[in-house]
Amino acid sequence: MREREGGSGAEVRAGSLDGPGRISARPPTNTPHWNAEVSTALLARYYLPPSHSPLRGNACQLLRDGVEVYPSMLEAIRNARRYVHLETYMFLSDAVGELFGKALAEAAERGVHVRVLYDALGSWSSRGDFFESLRARGVDIRPFKPFSSLGRGLRHLLRRDHRKILSVDGEVAFIGGVNIAVHWAPKGQGGDCWRDDVLRVEGPAVYELERRFVATWRMAFQDKFRSWREGRRRRKQVRAQLQSQGRGGVGLAVLSNRRSIHRAYLHAISRARRSVLVAAAYFVPDRKLVAALRDAAQRGVEVRLLLNARGDHPWIMNATRSFYEKLLTAGVRIFEWERCVLHTKTAVVDGVWGTIGSFNLERLSLAFNHEANAVFTDPRLGFQLESAIRGDCQDCREVDLTVFRQRPLWRKVLERVLYTFRRLI
């Protein structure tokens, strides 16, 4: 099992790049498709399946890479008054892990209830004494499905907790693809500057994110979560107040069912009128998604895929390239991110529908992992996300079909073999 995702640079890049193998990008075409007077409720009815009901009244901020994400998360932890819930696939005992560990321990020592759930497999390289020191300082930190549960079978171990959620005091939450590890830190601070996105949320959707954390915690440990139950009535009152007052104008649907997230992608792409932009760290799509992307491109929708050129799992990249020709021949444009590892899992349709979370467009996310994505229909947030993906595409190498067909024979054979075993990758 492995973590699959990527990232780079702190700023949104604009302009063109000249040089071998790069493109001089066309000006962004993210002009609004919908009339500005169209309500977000109507947009939600159009782009979301009927079963996905967004919670209105949220204030959202798009954060880019560890350079923006980590300071915002640490500030929230340091300002916590009642509780902190952190759920992450990777919690490594490196410089970033030590920084977060210190903030969490200090919060626990001042009386904040701090609960941390990390995946045992994703965090296998962390030192045991690191977690023990946090427990000694009052942090309730536990591994999800440790290796001691091997006796329950391989399928039990395959189902990992791949979510990345932080919620604080029922007031602010974070969801995206960033783990607690130095990979996402800026290069100037010893990191690898992986490219990633996180959504900072204030409003009613915070409680939906907390519900996912609590459900996983109780499922994993049969814990009654007494403090949660004791404060449930008060939180409902606060939530009702937030909904009536509203922190912002964004409607968010929090999805934790893997099939639901997949269905949200397919539904939005099938409704696309102008553009479909997908940034995917790991892209081994099923037939339904390939068909949806091809159909959109063939009916005149601009379809762009931002994918890894130098990911952390080379075999996945070669499996991804086995889909290139089928997509390119339908008019899908593919851009390969070369600056570092791309770890983001985001998409935006027509500049109004978007999603950010932990869900990868590949088999493990769809079949096994515990995932969580936020889905929204909001022109302002959609414009920001679309502008970010278009800016990244300008800093990429666009795949040319003619050149791609001239790749070495051994690579074609490798891609075909990996395509055959794509469900196991």
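These legends describe close-up views of a predicted model.

**View 1. The whole chain combines 16 helices with 15 strands.** The chain has 425 residues, and 60% of them count as buried. Its accessible surface comes to about 17,900 Å². Carbon and sulfur atoms hold 51% of that surface. Contacts often link distant parts of the sequence. Among those between residues at least 6 apart, 83% join residues at least 24 apart.

**View 2. The largest nonpolar core has 52 residues.** Seven residues have the most contacts inside this core: V276, F283, L293, L305, L327, I334 and W353. L293 shows how such contacts are made up. Beyond its neighbours within four places in sequence, L293 is in contact with I269, V276, F283, V303, L305, L327 and V332. Another core lies apart from this one. That other core has 44 residues, including L92, V116, V168 and V178. In soluble globular proteins, nonpolar side chains tend to be buried together.

**View 3. V276 sits in strand β9, which covers residues 275-280.** V276 has a relative accessible area of 0%, so the residue counts as buried. V276 is also among the residues with the most contacts inside the largest nonpolar core. Which residues does V276 contact, leaving aside its neighbours within four places in sequence? They are I269, L293, V301, E302, V303, R304, V348 and V349. The list includes the charged residues E302 and R304. A297 is 21 residues away from V276 along the chain. The C-alpha atoms of V276 and A297 are separated by 8.8 Å.

**View 4. A272 lies in the loop between α9 and β9.** Helix α9 covers residues 258-271. A272 is buried, with a relative accessible area of 5%. Where sequence neighbours within four places are left aside, A272 is in contact with R299, V301, V349 and D350. V301 and V349 are also contacts of V276. G351 is 79 residues from A272 along the chain, yet their C-alpha atoms are separated by 9.8 Å.

**View 5. T344 lies in the loop between β11 and β12.** Strand β11 covers residues 333-337, and strand β12 covers residues 345-349. Is T344 buried or exposed? T344 counts as buried because its relative accessibility is 1%, and the cut-off for buried is under 20%. The C-alpha atoms of T344 and G357 are separated by 8.2 Å. Along the chain, T344 and G357 are 13 residues apart.

**View 6. Helices α11 and α16 cross at roughly 95°.** Helix α11 covers residues 314-321, and helix α16 covers residues 409-420. Their axes come within 8 Å. The crossing angle makes α11 roughly perpendicular to α16. Which residues meet at this crossing? From α11 come W315, N318, A319 and R321. From α16 come R411, L414, E415 and L418. By class, this contact has 4 nonpolar, 1 polar and 3 charged residues.

**View 7. D65 has a positive phi although it is not a glycine.** The phi of D65 is about 65°. D65 lies in helix α2, which covers residues 65-78. D65 is also buried, with a relative accessible area of 1%.

**View 8. D169 also has a positive phi in a residue other than glycine.** What is the phi of D169 near? The value is near 60°. D169 lies in the loop between β5 and β6. Strand β5 covers residues 165-168. D169 is buried, with a relative accessible area of 2%.

**View 9. C193 lies in the loop between β6 and β7.** Strand β6 covers residues 172-176, and strand β7 covers residues 197-202. C193 is buried, with a relative accessible area of 16%. How far apart in space are C193 and G66, C-alpha to C-alpha? The distance is 7.1 Å. In sequence, C193 and G66 are 127 residues apart.

Definitions and conventions:
Residues numbered from 1 in each chain as written. Predicted model: local features only at pLDDT ≥ 70, side-chain atom pairs only at ≥ 80, totals over all residues. Heavy atoms only, no water. Axes fitted to C-alpha atoms, helices over the stretch in contact; angles between N-to-C directions. Helix = DSSP H or I, 4+ residues; strand = E, 2+ residues; numbered from the N terminus. Parallel < 35°, antiparallel > 145°, perpendicular 65-115°, else oblique. Contact = heavy atoms within 4.5 Å. Buried < 20%, exposed > 50% of the residue type's maximum accessible area, 1.4 Å probe, protein only. Areas by Shrake-Rupley, 256 points an atom, 1.4 Å probe, with all protein chains shown as cover. Core = buried A, V, L, I, M, F, W, Y, C linked by side-chain atoms within 4.5 Å.
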